[in-house]
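Thanks for sharing this one with me. Here are my notes, in numbered points, to read alongside the structure.

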Amino acid sequence: MKTINRFLAIALLAALPASYSFAQTSPAAPKTSPATAKTSPAAAKTSPAPSTAKSPATTASSPAASTTTSATTSPATSASPAARTDVYHVHFTHAAPGKTAALADALKQPAPNAPMPGHSIMFRHQNGDSWDYCVIQHMGTKATVEIAATAPPAAAATRDASDWHTDTYVSGPSWADFAKAMGINEGAGKSAIYIVSVYRALPGHREQLDSSVSTVSPGDPEAGSVVMQHLDGAAWTFLGIARYATWEDFVKSETSSLADQAKNTGGWASLRDHSSYHTDTLADRIMP
């Protein structure tokens, strides 16, 4: 699940010494997904069409207008992946010009009505895709979207500092398993490097792609990883996050895969057999 440009890996080797509120309401015409997906009261759907689900952290109580998304457990198709029992909200956003720091500060503010307070993580782009921040919020075993009469102050600040964003609900492991994989409870966790990837499966290749991106090569120095599956929102099928304790470990992993890539075998080739689209982004963790 890591196909970062090899030249970048060599450059990184040379340069080794080198809570959240996704709460926001979209402005009238942000550069979000073309359509707005609404969560289903039944098991949440997966849809190849781009869409954007509104963030539940921005909502106020409005029983008449609420909908619910439930996680579905995906069968294990690789080396014992964690069961996807819980719902998470994934927020990718890009700062407006001159608003990078303001957006980060706004995103770090806890949502007043977060269903699982403190259960969130925030990544900052280093190299790769065009987003600036990715925030993942644990929702529990279901997510409810409600219409807010007025946006909370943090939501308004986030909206004003961002020029585009996407919101997607995914199914993933329990928070305990997610936190362990991401090193959230480790004292030196923030020194880690993360690879945040999204993948879109070829028609009929969902299970094969799931297995491919969930498999870690023997001997890979990866410290932890998680693969989460789209429920409702953007046009990708899987979100994968790999954690390396140090830049040295990341470069070692990339270097070890060069032989397979040269032979058009291994994970590099498997990804291209089962995915129609993917992006990989190097990131660091800035919350918690």
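1. What percentage of the 288 residues in the chain do buried residues make up? The figure is 51%. Please keep in mind as you read on that this is a predicted model.

2. On the overall make-up, the chain has 8 helices and 10 strands. Its exposed area comes to about 12400 Å², and 56% of that is supplied by carbon and sulfur atoms.

3. Now to the interior. The largest nonpolar core contains 27 residues, and Phe92, Phe123, Ile136, Phe178, Met182, Leu239 and Ile241 have the most contacts inside it. At least two residues of this core come from each of β2 (86-95), β3 (120-127), β4 (133-140), β6 (162-172), α4 (175-182), β7 (193-201), β8 (224-232) and β9 (238-244). The largest share is that of α4, with 5 residues. There is also a second, separate core of 10 residues, with Ala95, Leu107, Tyr133 and Val135 among them.

4. Met182 deserves a click in your viewer. Leaving aside residues up to four places away in sequence, Met182 touches Ile121, Phe123, Tyr194, Ser225, Val226, Ile241, Arg243 and Arg285. Two of the names in that list, Phe123 and Ile241, also appear among the residues with the most contacts inside the largest core.

5. Is Arg243 buried or exposed? Arg243, which sits in strand β9, has a relative accessible area of 3%; the cut-off for buried is under 20%, so Arg243 counts as buried. Around Arg243, again not counting residues up to four places away in sequence, the contacts are Lys180, Ala181, Met182, Gly183, Glu186, Ala192, Ile193, Tyr194, Glu222, Ala223 and Gly224. One of these, Tyr194, is 49 residues from Arg243 in sequence, yet their C-alpha atoms are 4.6 Å apart in space.

6. Which backbone oxygen lies 3.5 Å from a polar atom of the Arg243 side chain? That oxygen belongs to Lys180, a residue that is also in the contact list of Arg243.

7. Finally, have a look at β2. This strand is mostly covered, with 9 of its 10 residues buried. β2 pairs with β6 in the antiparallel sense over 10 bridges, and His89 stands opposite Tyr169 of β6. β2 and β4 also run antiparallel, joined by 7 bridges; here Val87 has Gly140 in β4 as its bridge partner. β2, β4 and β6 each supply at least two residues of the largest core as well.

Technical notes
Residues are numbered from 1 along each chain as its sequence is written. This is a predicted model: local features need pLDDT of at least 70, side-chain atom pairs count only at pLDDT 80 or more; totals for chains, interfaces and linings use all residues. Side-chain values use heavy atoms; hydrogens and water are left out. A nonpolar core is a set of buried Ala, Val, Leu, Ile, Met, Phe, Trp, Tyr and Cys residues joined through side-chain atoms within 4.5 Å. Buried means under 20% relative accessible area, exposed over 50%, partly exposed in between (1.4 Å probe, protein chains only). Helices (H or I, at least four residues) and strands (E, at least two) are DSSP runs, numbered from the N terminus. Contact means heavy atoms within 4.5 Å. A polar contact is a pair of N or O atoms within 3.5 Å; within protein, one must be able to donate a hydrogen and the other to accept it, and residues adjacent in sequence count only if both atoms are side-chain atoms. Two strands pair if DSSP finds at least two bridges between them. Accessible areas come from the Shrake-Rupley method with a 1.4 Å probe; for residues, only the protein chains shown count as cover.
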